[in-house]
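Let's take a look at where a ligand sits in a protein model and what surrounds it. The sequence and structure come first.

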Amino acid sequence: MQACTQEEVNKVMESAKSAQKLWAKTPLWKRAELLHKAAAILKDHKNPIADCLVKEIAKAAKDAATEVVRSGDLVSYCAEEGVRVLGEGKFLVSDSFPGNERTKYCLTSKIPLGIVLAIPPFNYPVNLSVSKIAPALIAGNSLVLKPPTQGAVSALHMIHCFHLAGFPKGVISCVTGKGSEIGDFLTMHPGVNCISFTGGDTGIAISKKAGMIPLQMELGGKDACIILEDADLDLASSSIVKGGFSYSGQRCTAVKVVLVMNSIADSLVKKINEKLGKLTVGPPENDCDITPVVTESSANFIEGLVMDAKNKGATFCQEYKREDNLIWPLLIDNVKPDMRIAWEEPFGPVLPVIRISSVEEGIHHCNASNFGLQGCIFTKDINKAILISDAMETGTVQINSAPARGPDHFPFQGLKDSGIGSQGVTNSINMMTKIKSTVINLPTPSYTMG
Ligand code: NAP
């Protein structure tokens with residue numbers, strides 16, 4: 001993948017800046033129309049883009065196709081939502097604030113920020129790009145995408161669909177290159193007016209370096225799954241297997257630690273193991289459930305967590321097996337808080353189980369994490385579920401289902417080191433705009449029907 005030079009980045013920023021001025025003057029309905037067109041073209045190009053995802057990031061063929069279709073739907077939804085959200089402003093009158101007569105009428109509207117820099121991670125190079133691109137464009141911003149190096153070919157094909165739809169030159173651009181090499185130059189570029197980033201701890205470093213611009217940060221997670229004694233264990237075990245092992249665990253909202261009450265732990269572990277035994281392991285082209293993780297260094301990192309747990313006395317429910325980047329699914333039982341895997345994000349098909357003797361112990365473990373993305377609770381008692389949900393320090397809590405990012409119009413946010421701001425279509429549109437007020441000052445108070 002070609003690495004853009006700093007001079008090339010400067011040229012892209014200049015072109016994005018001048019294109020944005022005209023784009024902001026393009027009627028909202030027309031912006032929406034182009035987005036709808038791009039969404040249709042994206043869906044038409046489902047197969048070639050999905051093929052790239054399979055080859056670049058080893059995503060199973062079916063999931064790769066789903067990612068592209070879901071992305072097209074997101075773009076269309078964003079176009080419709082943008083027309084509503086940006087199509088109306090507020091009208092305020094001054095006499096609602098103490099001491100004022102009705103002499104001031106305030107009209108507010110939402111205006112674009114300028115250039116939005118989007119940096120998505122490798123695991124959803126298409127979906128997590130369009131979740132930034134579509135809100136930025138509908139709001140009248142221009143957008144510069146820095147795709148993940150692994151996933152960049154898929155992202156370039158996706159960007160091509162926007163160009164085919166007829167977006168004016170410079171409104172949407174792509175800058176390739178390794179984040180470690182051009183990342184600082186991009187994120188500290190004076191032309192950038194907003195950064196929307198999804199990824200790991202890099203986001204924390206970017207937040208410290210970026211200037212006085214709005215930031216949207218979606219970072220890592222250690223999503224806990226708390227299982228109460230009255231839980232439906234069939235539902236819980238299938239949700240844990242799907243939530244923990246889909247795309248080989250390389251999802252921000254994967255279940256990353258199971259906190260199960262002692263009395264039901266044996267039954268739950270047995271059910272999870274039965275389901276894990278049915279997962280297929282192999283190449284993404286064969287639509288296997290478990291495919292190779294994205295890099296050798298990721299596989300080595302996962303192995304480090306696994307071996308640390310083993311050395312400290314955890315119970316392996318399956319034999320640990322690895323061939324190059326392919327790691328077989330592994331449930332690690334009797335994990336204790338002194339093990340790294342109790343706290344760190346493996347981003348692979350290995351899942352720790354911690355047996356707890358009280359709900360409070362589970363909540364305490366969840367809240368002691370530096371992450372706070374999502375969490376989930378399995379119980380038939382909705383009253384208990386609400387109390388636990390309120391006590392969990394995470395951006396979202398799922399009741400009787402595994403954590404999930406979608407549907408894409410739901411608000412999505414992390415607390416603590418899991419992020420800044422909130423995504424979801426509506427929140428992203430709002431975040432990529434600024435309020436502009438115009439105040440009409442009247443010489444004398446004016447009252448309706450006065
Ligand atoms: P990552 O290493 O942080 O990379 C994310 C993106 O940042 C990539 O495009 C990367 O480019 C770029 N980058 C790297 N260094 C940079 C720098 N100094 N300046 C600017 N950009 C830089 O994350 P990843 O390994 O791709 O993804 C896994 C992580 O993402 C996990 O922690 C996961 O939990 C998190 N994630 C979070 C969410 C969420 O919504 N909260 C969703 C998905 C994933 P290169 O590829 O060129 O290095």
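## The ligand and its pocket

A backbone N or O atom of Phe122 lies 3.1 Å from an oxygen atom of the ligand, which makes a polar contact (a pair of N or O atoms within 3.5 Å). This is a predicted model, where local features need pLDDT of at least 70, side-chain atom pairs count only at pLDDT 80 or more, and totals for chains, interfaces and linings use all residues. Residues are numbered from 1 along each chain as its sequence is written, and side-chain values use heavy atoms, with hydrogens and water left out.

Here are three contacts with the ligand, side by side:

| Residue | Atom on the protein | Distance to a ligand oxygen atom |
|---|---|---|
| Phe122 | backbone N or O | 3.1 Å |
| Gly179 | backbone N or O | 2.8 Å |
| Glu218 | polar side-chain atom | 3.0 Å |

On its own, the ligand has 910 Å² of accessible area, and the protein covers 85% of it; such areas come from the Shrake-Rupley method with a 1.4 Å probe.

Which residues come closest to the ligand? They are Thr149, Gly179, Gly200, Leu219 and Glu345, out of 30 that surround the ligand, each with a heavy atom within 4 Å. Sorted by class, this shell has 14 nonpolar, 11 polar and five charged residues; Gly counts as polar here. Helix H7 gives the most to the shell, with three residues.

So where does the ligand sit? In the largest pocket, since more than half of its atoms lie within 2 Å of the pocket's grid points. A pocket here is an open set of points on a 1 Å grid over the protein atoms alone, where a 1.4 Å probe fits and protein lies on both sides within 12 Å along at least five of seven lines; lining residues have an atom within 4 Å of a point.

This pocket holds about 1200 Å³ of space. Its lining has 46 residues, with Pro121, Phe122, Gly199, Gly200 and Thr202 nearest the centre. H7 (179–187), S6 (194–198), H8 (202–209) and H11 (296–311) each supply at least two lining residues, and H7 has the largest share, with five.

## The second pocket

The second largest pocket has a volume of about 880 Å³. Among its 34 lining residues, Asp63, Tyr124, Lys242, Ser246 and Arg251 are the closest to its centre. Helix H9 gives the most to this lining, with six residues.

Conventions
Points joined across faces, edges and corners; volume = space filled by probe spheres on them. Helix = DSSP H or I, 4+ residues; strand = E, 2+ residues; numbered from the N terminus. Polar contact = N/O pair within 3.5 Å; in protein donor to acceptor, adjacent residues only side chain to side chain.
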